[in-house]
Structure formats: C-alpha cells, structure tokens
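Here is my note on this model, written for someone who has not looked at it before. Please read it with the structure open beside the text.

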Amino acid sequence: MSNADSKQRFLFPDSDVRGEVLRLETSLAPILQAREYPLSVQGLLSEAMAAVVLMASTLKFDGRLTLQAQGPGPVTLMLAEATHEGEIRGLARFDEKTHFEGAQPSMEELLGEGALMAITIRPTHGNQYQGVVPLDAPTLAACLEHYFAQSEQLTTRIWLAAGNGRAAGLLLQRLPDRIADREHNDDAWQNIEALAGTLTMEELLDLPAETVLHRLFHETPPQLPDAQSLHFGCTCSREKVRHTLLSLGTGELQAILDEMGHAEISCDFCGQSEAFDAVDLAQMIRESAQN
Ligand SMILES: [Zn+2]
C-alpha cells in the first residue's frame, strides 16, 4: 500500500493545525514521459504536481485546481492540474534550443524574471475564480506560502521535493482558532513547524507518509483520516477535439481538407490522438457553415 501514490491528511487533536503529506510516482510517470523533458524541467514540473495536489487538498468543495506558470524564460509554460478526487495531469513547454545542462537552474532561470502563476479553481458547481501569484520568491513552495497568506489569510508552510521520477510534498496550515485558544495554537504551531523543519528533502521523497509522520510527530501523534489515492487522468475526449476543430471555422477546415485530406490531433497532456478523415472533415465543414 505504501507503493501507491496517495495523500495523507493529518490533524492535531488539541490544536487548530492540520497538514497534508503526499508522494507521487506511478501517477507522475505518464506526465514526465509524455515529452523528452530536460532533468531540470522535470524537477520543476514534478514539484508543481506535488504543489497542485496540496493546494487542491485545501479546497472546501468539489472541483479542479490548476496552476499555470508563464514567463519569459526557456520554460514558456508549466501547467499542473488536480481534482478533489485525486486525479492529476500536467505538462511543460520549453524552448528546445536552450541548454538546460550544468548546475541545477533556479525557478527564475527556468521561467524567467517576472514570471507569473495563475491559480484557477473550477468548482464542480459554481463559478470559477482565479488568483495570480508573482513567482518572485526563490522557490515554488515559498511563492505558494505567500499566496495562502495573502488570499486565504492562513499561515501555511509548504515543502516540495522532486527527483528520480518522484515528487513529494508536505503542507502545514494554521487554521482559525476553534479547538484551542490563540496562545495554545501559537505554541502548537511553532512546535509543529519546527519539527517539520527537521525533515530532509531526501526523507520526504524516499519515506512512506506514515514513516515521515511518525518520525516527525511521534510525541504528539496526529489523527490520520483515510488517505486519498492519487492517479493520472485526462479530461480530453474526441468530442472536445471535434469542438476545437469546429471552432476553427469553415475556411480553415476547408484548407485542412484540401491540403491534408485528414486531421490528427493529439492531446498535450496524455498523448491520446484523435484522427478525423475526409468524411469527418466534410461533415464538420457543413456543420460549421450552418452555424
Ligand atoms: Zn488527454
């Protein structure tokens, strides 16, 4: 069971502090293998995948959360998505002419100075909303801590680790005082945060969640609700691809039919490809002309 990708929430029974710890490996593989990513891009994307699962775990409703980073650097786009059900997908686009070899480049070197990250939340029921975070701290984790402080007014600590085809994350959050009073919660927070700070990134990446939690908090063991399993999944479908093609309009579709005789479009997230032959295209041209 420790081999499966999962996310474990943990709660301290006598204070208003909660946490999440997770590890990704099998669900990360299809994401990292979809393209020939340079190692440093793999690392950043892996961290983003761990981050988006941590962020999605703080949602109070069903929905989908997307992190989308863009900037002037060699990594032109980074997308990470997670649902409340633990389904994840993600991708990065990068300039293939750039040499990513050498020392481990920083997030700023990869995404470029002034890069921004949009955090989009799409509730299953209700309107989507978006916040934008400047990626101006040295690490993705620090940028997200700022986001929680500003947008949610919650003190949050995040640790992210990536390597060897794995990603891991740890989140601590100080919730509004409910179980205990402020003074008690402040003390508990300081203590828990200090303990979490003793964890090395290797331990976070290599050890099962239960071992990490036992190692850190064996003196005040947290409650562990059922872990949530995490898995790769994509929302693409033939119907969506068809819709995208239709949106090109009659002229463009006719040009594709004339020049290529068919269309084949593959999903950037999962690689699944959808083929449309001349008959399909002709049908779409008729539909498009009627609208
Ligand atoms: Zn797909």
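The points below go from the domains to the core, then to the sheet and its helices, and end with two loop residues.

1. Please keep in mind throughout that this is a predicted model. The domain assignment divides the protein chain into domain 1, covering residues 6-232, and domain 2, covering residues 238-290. Taken over C-alpha atoms, the centres of domain 1 and domain 2 are 37 Å apart. The contact between them draws on 4 residues from domain 1 and 4 residues from domain 2, and on the side of domain 1 that touches domain 2 the residues comprise 3 nonpolar, no polar and 1 charged.

2. Which residues have the most contacts inside the largest nonpolar core? They are Ala48, Met49, Ala50, Ala51, Val52 and Val53, in a core that has 64 residues. Helix 2, which spans residues 39-56, supplies the largest share of this core with 12 residues. There is also a second, separate core of 7 residues, and Val241, Leu245, Leu281 and Met284 are among them.

3. Ala48 is a useful place to start looking at the surroundings of these residues. Once its neighbours within four places in sequence are left aside, Ala48 is in contact with Leu67, Met78, Ala80, Gly90 and Leu140. Two of these partners can be followed into the sheet, where Ala80 stands opposite Gly90 in strand 5.

4. The sheet itself is open and is formed by 6 strands in the order 7-6-3-4-5-11, with mixed pairing. Its edge strands are strand 7, residues 129-134, and strand 11, each of which pairs on one side only. At one edge, strand 6 (residues 116-123) pairs with strand 7 in the antiparallel sense over 6 bridges, and Ala118 has Val132 in strand 7 as its bridge partner. At the other edge, strand 5 and strand 11 (residues 231-232) pair in the parallel sense over 2 bridges, with Ile88 standing opposite Phe232 in strand 11.

5. Strand 4 (residues 75-83) and strand 5 (residues 87-94) deserve a separate look, as they pair in the antiparallel sense over 7 bridges. These two strands form a hairpin with 3 residues between them, and Gly86 in the turn has a positive phi of about 85°. For anyone tracing the side chains here, it is worth recalling that in a regular strand they alternate between the two faces of the sheet.

6. How do the helices lie on the strands? Helix 2 lies across strand 3 (63-70), strand 4 and strand 5, and runs at about 35° to strand 4. Helix 4 (residues 140-152), by comparison, lies across strand 6 and strand 7, where it runs at about 130° to strand 7.

7. Two loop residues should be checked for their backbone angles. Gln153, in the loop between helix 4 and strand 8 (156-163), has a positive phi of about 50° although it is not a glycine. Is Gln153 buried or exposed? Gln153 counts as exposed because it has 8 C-beta neighbours inside 10 Å.

8. The other is Asn164, found in the loop between strand 8 and strand 9 (166-174). Its phi is near 55°, again a positive value in a residue other than glycine. Asn164 has 10 C-beta neighbours inside 10 Å and therefore counts as exposed, given that the cut-off for an exposed residue is 12 or fewer.

Technical notes: Residues are numbered from 1 along each chain as its sequence is written. This is a predicted model: local features need pLDDT of at least 70, side-chain atom pairs count only at pLDDT 80 or more; totals for chains, interfaces and linings use all residues. Domain bounds come from an automatic or database domain assignment. Two residues are in contact if their C-beta atoms, placed from the backbone, lie within 7 Å. Ala, Val, Leu, Ile, Met, Phe, Trp, Tyr, Cys and Pro count as nonpolar, Asp, Glu, Lys and Arg as charged, and the others, Gly among them, as polar. A nonpolar core is a set of buried Ala, Val, Leu, Ile, Met, Phe, Trp, Tyr and Cys residues joined through C-beta atoms within 7 Å. A residue is buried if 20 or more other C-beta atoms lie within 10 Å of its own, exposed if 12 or fewer, and partly exposed in between; C-beta atoms are placed from the backbone. Helices (H or I, at least four residues) and strands (E, at least two) are DSSP runs, numbered from the N terminus. Two strands pair if DSSP finds at least two bridges between them. Axes are lines fitted to C-alpha atoms, for helices over the stretch in contact, and angles run from 0 to 180 degrees between N-to-C directions.
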